[in-house]
Amino acid sequence: MPELPEVETVVRQLRRSLVGQRVRSIILHTPSTIRCRHFPARRLIGCTIRAVRRRGKFIRLDLAAPSRSPQGTGVTVLVHLRMTGSLRIHAGRPPRERHDHIDLVLDGRPEPACLRFSDIRKFGGWWLLPGDVADAAAPLAALGPEPLEISRDDFRRLLAGHKQRVKTLLLDQRRLAGMGNIYTDEALFAAGIHPEARACDVPAAKVDALWRAMRRILRAAIRHCGSSTSDFVGADGRRGRYQEHHQVYGRADQPCRRCGARLKYLRVAGRGTTFCPRCQALQRGRKKR
DNA sequence: AAGATTACCTGAAGGC
DNA sequence: TGCCTTCAGGTAATCT
């Protein structure tokens, strides 16, 4: 599932091949993939890709309008992969397959290339926004801080300020933008925190351990080009390798790699949740409900 | 009004 | 074999 490390992997690959390229045309096989209605997709034609960035789990393409164009502000394209979306770079334009929804045809060097959005489950989408308002507009405006940028003190304040279960809080993109199910479970295990603990009840030492574990795990996952537990592939079509380092995700009923206890499976915040009942015990007297 | 649950969507996997 | 159910989960919408 594309979470922060997977999106960062795609962004770094796209950046190498897209920056400086001009949009020749856009082909909408599945128009409903475009989530904002009032921006005509044809305004992308002739624009030049200036930057490829990540914000939370969004991929952001900033395009400059052609000179002598009436819309001087340029265009920002946001792409969210949700569960099964992918962005791939292709030489030329291969025949459309079943789950291909958008082709952005580019002036390639030396040959034309295309950026193709595919999504088996059609949860993912594109947002087209005028470049000068992108930061202040939905869906970016509501996002919380980046997990790799939030300070330890701000992270302490974030947890102290909420009674929600800590896992629910970490997954809430308005509080923290980029954590998903895999890295939340891995970080909570590394810090020894029960996923159902209330955020404000986590002892200070464990909050700090969680902050450090989150940063260490996200960085390691980025180095391994993300986790491919089912169908994630980068823009080059290659799978990530971090799934080989998962301690708990996908390992329910198997022995804990730290203490040997059998890993338990729960549903928390509507998500499958795997944790070690011994390494991540709930504090006495602070049980749920 | 926060917190929990469901809808969206498809394919894989398991049960019988 | 084949049909049915369940599961996967990011986020918006809906419910309690």
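The following exercises, each with a worked solution, concern the predicted model of chain A.

**Exercise 1. Overall form**

Determine whether the radius of gyration of chain A agrees with that of a compact globule.

Solution.
- Step 1. Chain A has 289 residues, and a compact globule with this number would have a radius of gyration near 19 Å.
- Step 2. The value for chain A is 21 Å, which agrees with the expectation.
- Step 3. The extents of the C-alpha trace along its principal axes are about 65 × 35 × 30 Å.
- Step 4. The secondary structure consists of 5 helices and 10 strands.
- Step 5. Of the 289 residues, 53% are buried. Among contacts between residues at least 6 apart in sequence, 65% join residues at least 24 apart.
- Step 6. The accessible surface amounts to about 13800 Å², and carbon and sulfur atoms account for 48% of this area.

**Exercise 2. Charges and long-range salt bridges**

State how many positive and negative side chains chain A has, and identify which parts of the chain are linked by the salt bridge of arginine 24 and aspartate 107 and by that of arginine 55 and glutamate 146.

Solution.
- Step 1. There are 56 positive and 26 negative side chains in chain A, and the centres of the two sets are 4 Å apart. With a salt bridge taken as a side-chain nitrogen of Lys or Arg within 4 Å of a carboxyl oxygen of Asp or Glu, the count is 19 salt bridges.
- Step 2. The side chains of arginine 24 and aspartate 107 form one salt bridge, with an N to O distance of 2.8 Å. Arginine 24 belongs to strand S1 (residues 23-28), whereas aspartate 107 is in the loop between strand S6 (100-106) and strand S7 (113-119); the pair links distant parts of the chain, 83 residues apart. Arginine 24 is partly exposed, at a relative accessible area of 44%.
- Step 3. Arginine 55 and glutamate 146 form another salt bridge, in which the closest N and O atoms are 3.0 Å apart. Arginine 55 is in strand S2 and glutamate 146 in the loop between strand S8 (125-130) and helix H2 (152-160), so this pair ties together parts 91 residues apart in sequence.
- Step 4. The two partners differ in burial class: arginine 55 is partly exposed at 24% relative accessibility, whereas glutamate 146 is buried at 6%.

**Exercise 3. A salt-bridge network**

Establish which residues are linked with Arg55 and Glu146 in a network of salt bridges, and whether glutamate 8 and arginine 54 are buried or exposed.

Solution.
- Step 1. A salt bridge joins the side chains of glutamate 8 and arginine 54, at 2.7 Å from N to O. Glutamate 8 is in helix H1 (residues 4-18) and arginine 54 in strand S2 (residues 48-55), a separation of 46 residues.
- Step 2. Both glutamate 8 and arginine 54 are buried.
- Step 3. The network links Glu8, Arg12, Arg54, Arg55 and Glu146.

**Exercise 4. Helix H4 and its surroundings**

Explain why helix H4 (residues 181-191) is largely enclosed by the rest of the structure, and find what alanine 190 touches.

Solution.
- Step 1. Of the 11 residues of H4, 10 are buried, so the helix is largely enclosed. The cover of these buried residues includes H1, helix H3 (166-171), H5 and strand S10 (271-275).
- Step 2. Alanine 190 lies in H4 and is partly exposed, at 25% relative accessibility.
- Step 3. Beyond residues up to four places away in sequence, alanine 190 touches Ala213, Arg216, Ile217 and Arg258. Arginine 258 is 68 residues from alanine 190 in sequence, with a C-alpha to C-alpha distance of 9.8 Å.
- Step 4. Arginine 216 lies in helix H5 (residues 204-223) and counts as exposed, at 52% relative accessibility.
- Step 5. Just after H4, glycine 192 has a positive phi of about 70 degrees.

**Exercise 5. Backbone geometry**

Identify where cysteine 225, aspartate 253 and proline 139 are found, and describe their backbone geometry.

Solution.
- Step 1. Most residues other than glycine have a negative phi, and most peptide bonds are trans.
- Step 2. Cysteine 225, in the loop between H5 and strand S9 (264-268), has a positive phi of about 60 degrees. Cysteine 225 is partly exposed, with a relative accessible area of 27%.
- Step 3. Aspartate 253 lies in the loop between H5 and S9, and its phi is near 75 degrees, also a positive value in a residue other than glycine.
- Step 4. Proline 139 is in the loop between S8 and H2. The peptide bond from alanine 138 to proline 139 is cis, with omega near 5 degrees.

Conventions:
Residues are numbered from 1 along each chain as its sequence is written. Chains are lettered from A and ligands numbered from 1 in the order in which they are written. This is a predicted model: local features need pLDDT of at least 70, side-chain atom pairs count only at pLDDT 80 or more; totals for chains, interfaces and linings use all residues. Side-chain values use heavy atoms; hydrogens and water are left out. Helices (H or I, at least four residues) and strands (E, at least two) are DSSP runs, numbered from the N terminus. The radius of gyration is taken over C-alpha atoms; the globule rule is 2.2 Å times the number of residues to the power 0.38. Buried means under 20% relative accessible area, exposed over 50%, partly exposed in between (1.4 Å probe, protein chains only). Contact means heavy atoms within 4.5 Å. Accessible areas come from the Shrake-Rupley method with a 1.4 Å probe; for residues, only the protein chains shown count as cover. Lys and Arg count as positive and Asp and Glu as negative; His and the chain ends are not counted. The place of a charge is taken as NZ of Lys, CZ of Arg, CG of Asp or CD of Glu.
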